[in-house]
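User: I would like a close look at the sheet in this model, together with the parts that surround it. Please explain it in connected prose suitable for a first-year student.

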Amino acid sequence: MNATIFDIKRFAVHDGPGIRTTLFIKGCPLNCKWCHNPEGLEAQRQLWYFQNQCLKCGDCVSVCPEGVLTLEEDGIRINRELCTSCGRCTGVCPTGALHFIGDIMDADTIEEELLKDLPFYEESGGGITLSGGEPLSRPELVREILTRMKGKGIHTVVETSLFTSSEVLRSLIPLVDMFLSDIKIIDSAAHKEHAGVPNEQILENFRILADSEREVLVRIPVIPGFTDAPGNLEGIADFLCSLSRKLPVELMNFNPLARDKFRILGRPYEPADGDKPYSDEAMEAFRDIFRKKGLAVK
Ligand code: SF4
Ligand code: SF4
């Protein structure tokens with residue numbers, strides 16, 4: 001039982017209460033066009049390239065048996081479809097400009113990593129957060145980690161799109177103290193177009209969470225041209241008002257920094273070039289849509 005972990009963020013303070021350690025698991029069934037962590041989309045390890053660290057020595061090109069790499073004027077080009085992840089190129093790169101993102105870890109290693117920060121959890125009322133990617137796409141591993149953490153009395157948070165079966169969600173609820181769960185687009189066809197999957201299962205899982213006694217924070221990314229239409233935000237607010245209890249909401253401002261990550265991964269990034277984070281005033285206006293419906297906004 002293992003997973004590819006692409007980051008372990010220690011001393012995190014925005015992923016649940018107190019000081020937390022957040023584990024980022026690679027692999028996500030969604031494909032949001034504005035994803036903030038596109039390095040978490042694929043479940044496998046991936047080559048990652050920093051042009052500004054590259055000496056253009058060509059050593060990586062010479063050792064690649066598959067002809068994946070070419071040295072061009074501005075640096076290395078990667079034909080990812082041919083890569084077998086053999087690691088020869090990263091082994092010879094003198095600067096680390098070319099390296100793999102993601103370490104394969106089993107449950108014992110993950111537990112060991114998470115327990116390193118136990119004193120901080122105890123001191124601050126914090127704990128661990130499982131994120132991704134989509135952690136619920138690895139339910140067996142997630143169940144194992146959560147069971148081990150709860151067995152030690154550690155507070156657990158899962159950050160999830162809720163794109164999983166209701167059976168998986170129900171089975172994990174007793175092990176999770178708090179869910180951080182996204183709603184992005186209320187219209188299912190538009191959700192499929194811009195996030196890669198329809199949203200009926202996600203909305204059904206919100207109903208299940210609302211019926212549970214677990215703490216839930218609904219996170220809504222506000223992305224220009226994708227989720228920011230008043231009709232979409234109104235629709236999300238109406239949906240939240242239809243649940244058996246009113247869940248608190250947090251609006252997440254657009255962050256264009258993922259553009260470079262998309263470029264490195266050779267993926268198209270669809271938010272427009274000039275799109276910027278919203279001003280504080282604009283974000284307040286978006287928050288008011290939810291407040292006017294009687295929803296608590298963080
Ligand atoms: S990991 Fe192996 S196949 Fe992929 S680019 Fe490097 S040397 Fe080539
Ligand atoms: S081995 Fe490293 S430094 Fe040399 S060309 Fe390849 S990526 Fe650049």
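Analyst: The model shown here is predicted. A convenient place to begin is a ligand, before turning to the sheet. The shell around ligand 1 is made up of eight nonpolar, three polar and two charged residues. In total, 13 residues surround ligand 1, and the closest of them are Cys 64, Val 68, Cys 83, Cys 86 and Cys 89.

Ligand 2 has its own shell, of 14 residues, with Cys 54, Cys 57, Cys 60, Cys 93 and Leu 98 as the closest. By class, ten residues of the shell around ligand 2 are nonpolar, two are polar and two are charged. A backbone detail can be added from this stretch of the chain. Lys 56 is found in the loop that links strand 3 (46-49) and helix 1 (59-63). Although Lys 56 is not a glycine, its phi is positive, at about 55 degrees.

We now come to the sheet itself. It is an open sheet of eight strands, placed in the order 7-1-2-8-9-10-11-12, and its pairing is mixed. Strand 7 (103-106) and strand 12 each have a single partner strand, so they stand at the edges and one side of each is left without a neighbour in the sheet. On average, and with direction ignored, neighbouring strands of this sheet are turned by 30 degrees against each other.

Several pairs within this order can be examined in turn. Strand 2 (residues 20-25) and strand 8 (residues 127-132) run parallel and are joined by six bridges. Within this pair, Ile 25 has Gly 132 of strand 8 as its bridge partner. Gly 132 also takes part in a notable peptide bond: the bond from Gly 132 to Gly 133 is cis, with omega near 15 degrees. Gly 133 belongs to the loop between strand 8 and helix 5.

Further along the order, strand 10 (residues 178-182) runs parallel to strand 11 (residues 215-222), and five bridges join them. Here Leu 180 is placed opposite Leu 217 of strand 11. Strand 11 is also joined by five bridges to strand 12 (residues 249-253), again in a parallel arrangement. In this second pair, Arg 219 is matched with Glu 250 of strand 12.

Helices may be considered next. Helix 3 lies across strand 1 (2-12), strand 2, strand 7 and strand 8, and runs at about 95 degrees to strand 7. Two packed helices are described by the angle between their axes and the distance between those axes. For helix 3 (residues 107-115) and helix 5 (residues 139-151), the axes come within 10 Å and cross at roughly 40 degrees. Because of this angle, helix 3 is oblique to helix 5. The crossing of helix 3 with helix 5 is right-handed. From helix 3, the contact involves Ala 107, Ile 110, Glu 111 and Leu 114, while helix 5 contributes Leu 141, Glu 144, Ile 145, Arg 148 and Met 149. Sorted by class, the residues of this contact comprise six nonpolar, no polar and three charged.

A second helix pair can be described in the same terms. Helix 9 (residues 230-241) packs with helix 11 (residues 280-291) at an angle of about 35 degrees, and their axes are 9 Å apart. Helix 9 and helix 11 also form a right-handed crossing. On the side of helix 9, the contact is made by Pro 230, Leu 233, Glu 234 and Ala 237, and on the side of helix 11 by Phe 286, Ile 289 and Phe 290. The residues of the contact between helix 9 and helix 11 divide into six nonpolar, no polar and one charged.

How values were computed: Residues numbered from 1 in each chain as written. Chains lettered and ligands numbered in written order. Predicted model: local features only at pLDDT ≥ 70, side-chain atom pairs only at ≥ 80, totals over all residues. Near = placed C-beta within 6 Å. Nonpolar A, V, L, I, M, F, W, Y, C, P; charged D, E, K, R; others polar. Axes fitted to C-alpha atoms, helices over the stretch in contact; angles between N-to-C directions. Helix = DSSP H or I, 4+ residues; strand = E, 2+ residues; numbered from the N terminus. Parallel < 35°, antiparallel > 145°, perpendicular 65-115°, else oblique. Left-handed = near helix turned anticlockwise from the far one by under 90°. Contact = placed C-beta atoms within 7 Å. Pairing = 2+ DSSP bridges.
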